[in-house]
Amino acid sequence: MEKNKLTSREELKAHFAKGESLDQSDFLELIDSFRYKEETLTHKEAVILANTLRLMDNGYIQYYGSNIGDKKFQLIIAAKDEEEQVITLREYRTEEKRYLFGSAPYNIKVKNFPTNGLDENEYYSFILVADNSTVMHKLFGNNLPVIPDGFDFGLVQGKILQFRLGKQKFAQRVNIVNTNIKFVNKTTAPVSYGVSGLFWSHGHTNTDIITDHYDLSDSLGVWYKADLRGINKNIECKIFDVDKGVLLMTAYLNAGENNQEISGGGQFSGIRNIRIECDYISSK
C-alpha cells in the first residue's frame with residue numbers, strides 16, 4: 001500500500017471475501033484504516049473537517065449558563081424521523097455550540113431542571129430563542145412553579161436555537177399575575193402574535209392565551225408576525241381593554257412584505273383582559 005494512502009472500503013471488503021487468502025499486509029491495511037481516539041488530526045485533516053462543517057445545513061444550538069455552579073439542566077431535542085439528542089446546559093460563560101440531527105422544526109422537551117441551590121428571592125432564569133425570536137422566557141424555583149420533566153415546548157422553528165440559563169436575585173418575592181388575551185383574526189392571512197414582559201415571554205401563537213407573567217413589572221408588550229408577500233392588502237391589529245371597552249393601541253402590517261417582530265404599539269400595564277383584533281385596512 002502506498003504510504004499515507006488509505007485503502008477504500010470496497011478494497012478492504014474484497015480482501016475478506018469468501019474464499020480469499022489473507023496475509024499480514026491485508027490486516028495492516030485494515031488497521032491503518034482505523035483512527036484511534038488518542039490520535040490528533042493533521043493540519044490538513046483539520047482544515048478539511050472545518051470546511052465540511054461550514055457546508056452543513058443542519059440546525060444547531062448555542063447555549064451558556066452563568067452563576068449556576070455545578071447544576072446541570074437537560075433538554076431533549078429531536079427532529080422528524082431522527083433520534084433524540086440530550087443536551088446538557090451547565091456553567092459555561094462563553095457560548096457553547098452543538099449541531100443537531102436533522103432540520104427544523106425541532107421538538108424540545110425538558111428532561112431535568114433542578115430547582116435547589118437558590119437563596120431567598122433568588123430564581124433560575126431560562127430563555128429559549130429561535131432565529132432571534134424569543135420563544136420563551138421564564139423564572140422558576142422557590143415559590144414559582146418548576147419546569148417539570150417532560151414539559152414540551154412543542155415544535156420550534158428556527159435553524160439557530162439559543163438557550164440561556166442563569167440565576168436572578170431580586171429585592172422581593174416574585175409572584176405570578178395573569179392577563180387573558182383573546183385573539184381575533186378577521187383576515188385570511190397567517191397573522192400571529194407574541195407577548196413579552198419583564199423576565200417573561202410567550203412565543204408567537206394565533207390562539208387565545210392566559211399569561212403567567214410577574215408582578216416585578218405588570219406591563220406587557222405585543223409583537224406580530226405576518227408574511228404578506230402574496231397579499232395586496234395592509235392589515236391593522238388593534239388591542240382593546242375588554243373591561244373598559246377602550247382601544248389601547250394599533251399596529252400596522254404592510255402588504256407585500258414579510259412582517260417580522262412588528263411592535264404592537266407600546267406597552268399596557270395592570271390590565272387583566274385584552275382583545276387583539278386584526279383586519280384588513282379599508283381602502284375607503
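Two strands count as paired when DSSP finds at least two bridges between them, and with that in mind the tour of this predicted model can begin at one such pair.

Select strand E2, residues 73-79, together with strand E5, residues 106-112; these two run antiparallel and are joined by 6 bridges. At one place along the pair, Ala-79 stands opposite Tyr-106 in E5.

Now widen the selection to the open sheet of 4 strands, whose order is E3-E2-E5-E8 and whose pairing is antiparallel. Strand E3 (85-89) and strand E8 (152-156) stand at the edges, and because each has a single partner strand, one side of each is left without a neighbour in the sheet. From one strand to the next, the twist averages 25 degrees.

Next, move to the largest pocket, which holds about 540 Å³ of space. Of the 24 residues that line this pocket, select Val-135, Leu-155, Val-156, Gly-203 and His-204, since these lie nearest its centre. The elements that give two or more residues to the lining are strand E7 (133-140), E8 and strand E13 (200-205).

For the last stop, select Ser-125, which lies in strand E6, residues 122-130. Is Ser-125 buried or exposed? Its relative accessible area is 7%, and because buried means under 20%, Ser-125 is buried. Show its side chain beside that of His-137, and a polar contact of 3.0 Å can be found joining the two. Leaving aside neighbours within four places in sequence, Ser-125 is in contact with His-137, Lys-138 and Leu-139, and also with Arg-164, Leu-165, Gly-166 and Gln-168.

Methods: Residues are numbered from 1 along each chain as its sequence is written. This is a predicted model: local features need pLDDT of at least 70, side-chain atom pairs count only at pLDDT 80 or more; totals for chains, interfaces and linings use all residues. Side-chain values use heavy atoms; hydrogens and water are left out. Buried means under 20% relative accessible area, exposed over 50%, partly exposed in between (1.4 Å probe, protein chains only). A polar contact is a pair of N or O atoms within 3.5 Å; within protein, one must be able to donate a hydrogen and the other to accept it, and residues adjacent in sequence count only if both atoms are side-chain atoms. Contact means heavy atoms within 4.5 Å. Axes are lines fitted to C-alpha atoms, for helices over the stretch in contact, and angles run from 0 to 180 degrees between N-to-C directions. On a 1 Å grid over the protein atoms alone, a cavity is a set of points where a 1.4 Å probe fits but cannot get out, and a pocket is an open set with protein on both sides within 12 Å along at least five of seven lines; lining residues have an atom within 4 Å of a point. Grid points are joined across faces, edges and corners, and a volume is the space filled by probe spheres set on the points.
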